[in-house]
Each structure stands twice: as C-alpha cells, then as structure tokens.
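Here are a few worked exercises on a sheet, the helices around it and a salt bridge. Have a go at each one before you read its solution.

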Amino acid sequence: MYLTHLECPRCGREHDAGVPQNLCACGSPLLARYDLAAVAGAVEPERFGLRPADLWRYRELLPVANEKCLTTLGEGWTPMLRAPSYGARIGVDDLLVKDEGLTPTGSFKARGAAVGVSRARELGIRRIAMPTNGNAGAAWATYAARAGIGATIAMPLDAPTICRRECVAAGADLRLVDGLISDAGRQIAALVTAAAGTIFDAGTLREPYRLEGKKTMGYEIVEQLGWQVPDVIVYPTGGGVGLIGIHKALGELRELGWVEDKLPRLVAVQSTGCAPIVRAFAAGEDRARPWADARTVAFGINVPAPLGDELILNALRATAGTAIAVDDAEILADLRDFAAREGLLVCPEGAACLTATRRLRAGGWIRAGERVVVLNTGAGVKYPETIDVTGVPVLPR
C-alpha cells in the first residue's frame with residue numbers, strides 16, 4: 001500500500017493512517033496522502049485497462065492493503081454517455097453524462113461505502129454510525145452487512161422511502177428523525193459519545209476514506225476520455241464529497257504526470273432552496289453559513305451546513321470554477337426533457353446539473369465547443385415521485 005499518512009488541509013498537521021481517525025483537532029476533515037513518486041514507478045496508466053472494470057483497478061491510489069478486507073459488489077467503472085439531442089438543444093454539442101445510477105445500491109454513494117467500509121474493516125472497526133439524506137445510509141448499510149460490520153443509520157423522515165427500506169433489508173439499526181440531516185447528525189454525535197469508543201462515526205468527511213472511494217469518479221472520467229481532461233465538470237453539491245474527491249483525483253493525476261497542468265473547471269450545483277455554497281462563493285467567503293429552512297426536491301443536496309465547505313470552495317476557486325443554484329421547477333422540467341430526448345431517467349440531483357449546464361451555456365460561462373461532463377449521481381427510478389402520471393388515460397377492458 002502506498003498510503004503514507006493523513007493530512008489536515010487547514011493546519012497542515014499530519015496524522016497516523018494506521019489507526020481510526022475522525023477530524024483534526026482544529027475541526028477540519030483529514031485527507032489521505034500517498035507516495036505518488038512510488039506509485040508512478042510501480043504502474044503506468046495504460047495498465048489500468050488490463051484490470052477488472054471496477055474502482056479497485058486504481059488500487060495503488062486507494063487506502064486498503066489487505067485484500068481479505070476488500071468489501072465489493074462490483075462498484076465503479078460506470079458508463080460515460082453522450083447526450084447529443086439534449087446537448088444540441090442547449091448549445092453544448094460535446095455533452096457527456098457519467099451515469100452513477102448503475103452502481104450497486106443505485107447511487108455514487110456505493111463508491112465511498114466500498115472503500116470506507118473496507119478500510120474500517122482493515123482497522124478493526126466493528127460498528128459504524130452515520131447521518132444521511134438517504135442514499136449514503138443505504139450504501140453504507142449494505143456494504144457493512146457484506147463486511148460483517150454493524151451499522152446505525154439516522155436519516156430525515158422525509159428521505160426517499162426506498163433508502164430506509166434498503167437499510168432495513170441490510171439489517172441496519174435505522175433511526176428516523178423528524179428534521180434535516182443536521183438534526184440526524186446531532187443524534188448520531190450523541191450516540192457515538194455515549195458509546196465511548198465502541199461505535200465509529202462514519203459521517204460525511206468525519207472519516208477520511210469515503211472521499212477516497214468518491215475520487216475514483218475523477219480517475220474514471222479521465223481514463224474514459226483517453227487520459228484527457230474535459231473542459232468542465234458539473235457536480236451536484238450537498239456534502240460535497242464527490243466534488244472534493246474529483247478535485248483531489250485530478251491533483252493526484254497531475255502530480256503523477258498522467259495529465260497536463262490544465263484542470264477542468266468545476267461547477268458546484270445547488271438548489272435555490274438550499275444554497276450555502278453558492279452564497280459563500282458569490283460573497284468571496286472562505287466558509288459557508290448554515291442555510292435556514294432548507295428544502296428541495298433534490299433531497300441529496302439538501303445539506304444546510306456542509307462540513308467540507310472550505311474544501312468545496314477551494315476546489316472551485318483553484319480550478320476557476322463556479323457555483324450556481326437552480327430551482328425545483330427547472331430541475332423537474334429538465335429531468336423530463338432529458339429523459340424524453342435521451343432515454344435516460346436521471347435522479348433530481350443529476351437533473352439539477354443539466355439545468356445548471358443549460359443556464360451556464362446560455363449565459364456564456366460555458367463556451368461553444370467545450371467538452372462538458374455532467375454527473376448523474378443516482379438512478380432516477382429511486383425517485384418515482386419526480387414523474388407525475390396523473391392525467392394519463394385509463395382504457396376500458
């Protein structure tokens with residue numbers, strides 16, 4: 001394994017990667033660091049194509065050493081689909097959608113769960129606990145069951161019904177909270193404190209290895225484009241782990257010398273009903289203030305106070321990117337329009353990215369001829385309420 005240590009991006013302090021870790025003493029999430037010079041000497045990018053089509057093809061850049069601890073359901077290597085009809089309509093001729101809906105448990109959260117649970121197993125953790133808006137809890141419950149690790153999951157009462165069913169099916173200890181993910185987070189924090197070291201807090205960015213699974217989306221985008229980077233990557237941003245992870249992956253690829261210095265411009269997409277990152281970015285602030293009365297149909301990005309706000313804002317500014325908020329009516333309209341034109345039913349968070357792309361192209365921020373990759377982070381069939389079928393005719397026998 002080429003993992004060397006964990007590093008705090010805020011204060012620079014190094015932490016031992018050989019023991020379970022949560023946040024730095026300064027309150028910042030920790031980032032996994034690797035001996036990239038040794039990785040470059042051990043493997044060439046062309047070799048990845050000879051390996052199985054899952055995220056573990058990048059094993060030198062992942063934090064699990066013991067193969068017996070790998071917990072996998074075949075996650076990763078999701079398709080990158082061209083969207084010529086919708087792209088032509090909005091003026092983005094080179095529009096690609098990376099469809100994370102085909103991962104196990106139906107969302108990109110399976111990537112973080114696979115690596116996070118595998119590393120927890122390697123470090124001897126026997127029970128994890130976490131708050132979630134739905135899909136992450138379903139993924140971690142599923143992978144914890146496969147690894148033989150206990151899981152306590154707290155999610156808002158309004159979370160998608162399928163997610164709570166997935167947790168129960170996987171044998172997790174599910175707690176429903178009448179509130180937001182921040183309220184669920186307080187419940188989990190109290191539980192972990194009372195457990196006195198017997199339960200590990202695996203909440204978003206509170207452990208460093210979920211991010212390592214999510215970053216593989218960045219590796220795959222580049223490999224699927226023939227080791228070239230696109231001009232723009234558009235990502236739905238709640239907790240922001242996926243966007244932070246993609247930015248981390250691109251930085252590692254650049255340091256390895258596998259891509260050129262130019263990086264894609266990253267776009268954080270939020271809802272007008274919950275846009276703390278958009279507000280902070282527009283104001284030039286380094287931290288995001290909590291969003292009051294957060295509410296959106298794109299439930300996965302309904303995060304009023306993301307722990308990784310600094311890292312998200314840094315990623316946007318380092319890549320000359322931007323942040324944009326779109327409203328629910330536009331999200332649902334573009335979800336329907338895209339499905340009718342391209343035959344792919346995306347999740348509301350993915351549809352938010354399509355709306356953002358349309359608006360950024362109309363405003364000139366995305367230029368003609370640029371290659372744009374949109375992330376669809378989950379399967380649209382997990383959100384049946386987004387398609388209104390009232391008024392469909394019922395025929396007599």
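**Exercise 1.** Work out the strand order of the six-stranded open sheet, and find which strands stand at its edges.

*Solution.* Step one: the order runs β4-β5-β13-β10-β11-β12, with mixed pairing. Strands here are DSSP E runs of at least two residues, helices are H or I runs of at least four, and both are numbered from the N terminus. Two strands pair if DSSP finds at least two bridges between them. Step two: β4 (80-82) and β12 (322-326) each have a single partner strand, so one side of each is left without a neighbour in the sheet. Step three: from one strand to the next, the twist averages 25°.

A word on the ground rules: this is a predicted model, where local features need pLDDT of at least 70 and side-chain atom pairs count only at pLDDT 80 or more, while totals for chains, interfaces and linings use all residues. Residues are numbered from 1 along each chain as its sequence is written, and side-chain values use heavy atoms, with hydrogens and water left out.

**Exercise 2.** Describe how β4 pairs with β5, and find the salt bridge between R82 and D94.

*Solution.* Start with the backbone: β4 and β5 (residues 94-99) run antiparallel over three bridges. One of the pairings puts M80 opposite K98 in β5. Now the side chains: R82 and D94 form a salt bridge at 2.9 Å, N to O (a side-chain nitrogen of Lys or Arg within 4 Å of a carboxyl oxygen of Asp or Glu). R82 sits in β4 and D94 in β5, so this pair ties together parts 12 residues apart in sequence. The whole structure has 31 salt bridges.

**Exercise 3.** Characterise the packing of α12 against α13.

*Solution.* First, the geometry: α12 (residues 328-342) and α13 (residues 348-362) pack at about 95°, axes 8 Å apart. The axes are lines fitted to C-alpha atoms, for helices over the stretch in contact, and angles run from 0 to 180 degrees between N-to-C directions. That makes the two helices roughly perpendicular (65 to 115 degrees). Next, the contacts (heavy atoms within 4.5 Å): E330, I331, D334, L335 and F338 in α12 meet P348, A351, A352, L354, T355, R358 and R359 in α13. Finally, the tally: seven of these residues are nonpolar, one is polar and four are charged. Nonpolar covers Ala, Val, Leu, Ile, Met, Phe, Trp, Tyr, Cys and Pro; charged covers Asp, Glu, Lys and Arg; the others, Gly among them, are polar.

Note on methods:
Angles under 35 degrees count as roughly parallel, over 145 as roughly antiparallel, 65 to 115 as roughly perpendicular and the rest as oblique.
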